[in-house]
Amino acid sequence: MTPPYLEDRSPGYGALPPRAAVSSDARSLCLNGDWRFRLSPDAASAPDGISDDGFDDADWSELAVPSNWQLHGYGAPAYTNVRYPFPVEPPFVPSENPTGDYRLRFELGPQWLAEPAVLRFDGVDSCARVWLNGRELGVTRGSRLPVEFDVTSVLRAGANLLAVRVHQWSSGSYLEDQDMWWLSGIFRDVTLLARPAGGITDYFLRADYDHWSGAGTLRVETPAAARISVPELGIRGYPVDAPIEVGAVEPWSAEVPRLYDGELYTDTERVPLRIGFRTVAIEGGQLRVNGRRILFKGVNRHEHHPEHGRAVPREVALQDVLMMKRHNINAVRTSHYPPHPEFLELCDRYGLWVVDECDLETHGFELLDWAGNPTDDPAWADACLDRMRRTVERDKNRPSVILWSLGNECHTGANLAAMAEWTRGRDDTRPVHYEGDADCAYVDVHSRMYADHNEVDRIGRRDDENTRRRELPFILCEYAHAMGTGPGGLLEYRELFERYPNCQGGFVWEWIDHGIARRDAAGRAYFGYGGDFGEPLHDGNFCADGLVFPDRTPSPGLLELAKVHEPVRITASPEGIRLANHYDFATLAHLAFHWTLEEQGVEVTKGTLDVPDVPPGAAVELALPELATTHGETWLTVWAVLAEDTPWAAAGHAVAWGQVPIVPGAEVPPAIVPGAEVPPPTGTAVTRSPGGLELGIAGFDPRTGLLTDLAGHRVRGPRLELWRAPTDNDRGGPHPEDAAWRAVGLHRAQHRVISVHADRTELVVRTRVAPAAVGFGLLANYRWTASGDAVRLRLDVEPDGEWPVTLPRLGLGMAVPGEFDRVAWFGGGPGEAYPDSRQAARISRFSSRVDDLQTPQVFPQENGTRIDVRWARLTSATGAGLRIDGSPPFGLAARRWTAADLDAATHTVDLRPGEPVELSLDLAQHGLGTASCGPGVLPHYELRAHPASLTLVFSVLA
Ligand code: IPT
């Protein structure tokens with residue numbers, strides 16, 4: 001039998017009213033550490049009497065608090081996105097309900113008995129029943145929300161015994177259907193707190209900023225007879241029973257997170273304050289802070305760690321904040337629950353706008369057409385409101401929090417409307433967000449997820465018959481699904497955010513891949529995803545959709561986002577260089593500007609730019625600096641770097657860069673310098689040998705016309721290829737490109753050699769490439785010529801027949817010896833780039849080991865292609881190797897496996913390095929888009945069969 005408290009819809013019982021996360025000088029005792037632990041397969045088999053002093057837990061094990069038990073050998077993690085992993089019959093839960101019993105003995109000195117005390121849990125998933133010294137304190141639900149119990153009369157001087165029974169499933173699970181791992185246990189801190197009589201149990205500090213006068217006002221609401229000091233503002237011991245006009249202050253913003261240290265105190269308790277003055281308002285259809293429209297360059301952040309699950313260590317939360325700041329991210333939506341409270345303190349301190357979201361999601365009811373959805377059922381009203389109250393009360397003093405969010409994917413309902421109403425009544429300083437209120441009946445901002453560019457454009461033009469919605473500021477609470485290789489199309493979203501004042505940016509889905517650290521049988525590390533833990537129902541790798549990999553290394557998507565969102569835009573202009581300030585508040589005074597002049601990617605000179613102070617929203621035009629004369633392809637790269645150390649990055653950290661093409665010898669910089677034209681080598685005659693055909697350094701197979709060696713190095717190809725290992729985005733959406741490609745057989749195209757014809761100094765190979773069973777194809781002609789140490793290939797491709805599908809890729813595949821495992825190139829880099837995700841690639845000279853060119857997507861797929869490559873060198877440790885020059889510039893990938901291997905792999909450890917290095921020399925690739933959840937590739941980034949040519953010159957490096 002399931003204990004009745006698990007299946008009533010209430011928030012639980014016994015808890016104290018919610019209050020602010022107060023840190024004070026009152027006595028506290030952290031109860032984190034190793035607790036006695038036992039997991040039972042169901043509630044019925046959990047032992048009786050665990051709260052008794054005399055209970056014998058000698059045969060129990062130990063488990064760290066905080067932690068998720070599934071990551072410490074008890075049970076297993078399970079991943080589902082929308083579907084509940086149990087039958088939907090609210091509020092009932094499965095009888096097979098893993099139940100973890102925890103016991104902790106702790107000592108208290110007699111001073112603890114002198115005043116009241118509370119016991120706080122910052123997060124327990126999903127339902128806990130708590131006893132202290134044999135007395136039941138209560139039951140709590142609301143996994144990512146704090147709960148406190150009054151323990152005043154229960155504490156003992158000397159030994160105390162805390163017993164907690166945690167159930168994996170409860171009625172609360174119906175309200176916690178977020179897209180993430182199902183993980184259980186006491187996963188946030190447990191603290192014992194003294195509550196001195198006459199102390200500051202709760203307070204609500206509103207620090208308003210009047211942008212007209214520049215003055216601040218403090219409004220403090222606290223039940224205690226408290227006083228406040230903010231020495232920097234000359235406030236010493238002021239009573240807080242009336243608003244305090246503090247005169248001129250520097251406001252808080254995500255860009256300039258000015259905090260004033262202060263103190264709220266009574267005779268018995270002192271609460272340190274970090275006050276940020278700011279006013280959030282919706283005016284003229286815009287969300288404004290301190291009178292200015294802000295633009296969210298945001299991300300959705302789940303709390304995830306590949307080893308610790310949702311028990312994210314403090315230093316890792318700090319790492320997230322620092323990485324966000326360093327990648328030009330200015331906002332976080334705490335999807336889809338309040339984060340650990342310390343995360344918000346970090347956001348205050350380092351400067352990030354926060355949309356603080358309630359721990360509420362009932363997405364699985366969508367599969368029942370929302371029948372029985374708790375957010376529209378009066379029986380669940382208390383539970384819903386309780387969650388919002390606990391969110392708002394806990395975080396109400398954080399300046400970084402500028403919007404409250406009611407939750408995620410709960411459809412709509414009266415309980416949500418009631419939560420919004422309560423929130424506005426409680427806090428008049430922050431608007432309310434909830435995406436599911438499609439008509440915006442009870443929210444203050446219009447929010448959508450994954451709206452495509454056209455829809456955002458319509459919203460920007462206020463083309464909407466719903467008059468309320470039309471008047472509201474618009475945000476994308478989720479967009480640019482960062483699953484796998486991508487996202488594509490970020491630049492075009494930015495353009496919309498900048499075109500339309502009511503389109504105030506959005507939050508990329510999402511910050512981190514929820515991969516779980518595992519090892520294969522051979523001990524090799526990899527990241528697991530849904531289905532790897534024996535779950536009968538799961539959503540595969542849909543949880544690996546972040547801008548950082550599970551170990552928090554940046555993905556190419558994060559670097560692209562950082563470039564797209566750079567706060568200074570540096571571009572070529574008729575005057576020379578244009579610098580546009582895209583901050584909302586900051587001038588450019590905190591930045592230094594320096595430049596390098598590179599010829600063929602090699603630095604010729606460098607210098608600094610004198611930049612006047614540019615206010616936010618303004619731009620300056622600067623003349624080009626005095627530049628040295630160059631002869632080859634030349635680029636001026638201008639960097640905007642931090643002039644001084646900041647709390648989040650050291651002086652010299654680049655926040656932006658831009659490139660200006662310079663034509664050697666020309667006086668006015670033209671718009672574009674084309675890739676170096678490759679001189680056509682000719683003159684060497686084709687000869688026949690017993691082994692094949694020879695042309696200079698090149699040997700060919702006379703039947704296939706394919707290259708077999710280059711100056712004695714064994715090679716294979718180059719041969720036309722159409723396939724790329726489909727990305728998550730290729731696989732996504734209602735009409736996946738991947739399915740369309742496979743349906744016509746692009747993954748198994750066949751090559752027919754029409755002719756191999758040696759004509760004195762030219763070898764001409766004509767082929768037709770097409771999949772089985774279809775009539776359309778591509779004609780590919782290869783013309784080889786040679787002179788001296790170089791051999792030249794001219795490839796001409798032409799469609800034959802009507803192509804009903806896009807192409808994944810149009811390129812050449814070629815295998816070169818495995819010892820050529822070092823790559824240097826002049827072109828786009830340093831990282832991968834694709835047609836609709838290429839802002840972060842600059843033109844320079846780069847080098848890498850082949851192995852380091854790979855992007856370790858949790859689910860293997862096309863990755864690592866460098867674009868606009870003018871030439872590449874592939875060499876061994878001794879420097880021997882090949883050089884390939886291309887015109888026009890080409891896309892380059894080098895791997896120790898083929899596209900087919902990459903396509904077949906499901907985890908990184910499936911990719912076993914083979915002997916040759918497989919090169920892709922691409923004319924073009926299809927864009928990436930974000931169809932894994934959202935719009936596909938924009939039309940102008942689609943790759944269609946079209947006549948195309950590429951010239952490559954191969955030469956040998958000794
Ligand atoms: C959206 C969810 O809000 C988010 O939690 C996540 O699941 C995301 O999708 C996909 O990764 S909901 C979806 C129906 C648009």
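This text walks through a predicted model, from its ligand to its sheets and loops. Residues are numbered from 1 along each chain as its sequence is written, and side-chain values use heavy atoms, with hydrogens and water left out. Because the model is predicted, local features need pLDDT of at least 70 and side-chain atom pairs count only at pLDDT 80 or more, while totals for chains, interfaces and linings use all residues.

Start at the ligand. It is surrounded by 14 residues. A residue is near a molecule if one of its heavy atoms lies within 4 Å of it. The closest are Asp179, His336, Asn408, Glu478 and His481. By class, the shell has 5 nonpolar, 5 polar and 4 charged residues. Here Ala, Val, Leu, Ile, Met, Phe, Trp, Tyr, Cys and Pro count as nonpolar; Asp, Glu, Lys and Arg count as charged; the others, Gly among them, count as polar.

Now look at polar contacts, which are pairs of N or O atoms within 3.5 Å. An N or O atom in the side chain of histidine 481 lies 2.7 Å from an oxygen atom of the ligand. For the side chain of asparagine 408, the distance to a ligand oxygen is 2.8 Å. Tryptophan 509 has a polar side-chain atom 3.0 Å from an oxygen of the ligand. Taken alone, the ligand exposes 390 Å², and the protein buries 86% of that. These areas come from the Shrake-Rupley method with a 1.4 Å probe.

Two of these residues lead on to backbone features. Most residues other than glycine have a negative phi, and most peptide bonds are trans. The bond from tryptophan 509 to glutamate 510 is cis, with omega near -5 degrees. Glutamate 510 sits in the loop between β33 (503-508) and β34 (516-519). Strands are DSSP runs of E with at least two residues, helices are runs of H or I with at least four, and both are numbered from the N terminus. Next to asparagine 408 in numbering comes glutamate 409. Glutamate 409 is not a glycine, yet its phi is positive, about 45 degrees. Its loop runs between β29 (401-405) and α4 (414-426). Another cis bond joins glycine 829 and proline 830, with omega about 0 degrees. Proline 830 lies in the loop between β53 (822-829) and β54 (842-849).

Next come the sheets. Two strands pair if DSSP finds at least two bridges between them. One open sheet has 4 strands in the order β2-β15-β7-β11, with antiparallel pairing. Its edge strands, β2 (28-30) and β11 (147-150), each pair on one side only. Strand β2 pairs with β15 (residues 190-194) over 3 bridges. There, serine 28 stands opposite leucine 193.

Another open sheet has 3 strands, β16-β17-β20, again with antiparallel pairing. Its edges are β16 (204-210) and β20 (244-248). Strands β16 and β17 (residues 215-221) are joined by 7 bridges. Aspartate 210 faces alanine 215 across this pair.

For a hairpin, turn to β43 (residues 686-689) and β44 (residues 692-695), which pair antiparallel over 4 bridges. The hairpin has 2 residues between its strands. Arginine 688 stands opposite leucine 693.

Finally, aromatic rings. The structure holds 32 aromatic pairs. Rings of Phe, Tyr and Trp (its six-membered ring) pair if their centres lie within 6.5 Å; planes under 30 degrees apart count as stacked, over 60 as edge-to-face and the rest as tilted. Tryptophan 35 and tyrosine 102 are edge-to-face, 6.0 Å centre to centre, with 90 degrees between the planes. This pair links distant parts of the chain: tryptophan 35 in β3 (residues 33-40) and tyrosine 102 in β6 (residues 99-108) are 67 residues apart.

Technical notes:
Polar contact = N/O pair within 3.5 Å; in protein donor to acceptor, adjacent residues only side chain to side chain.
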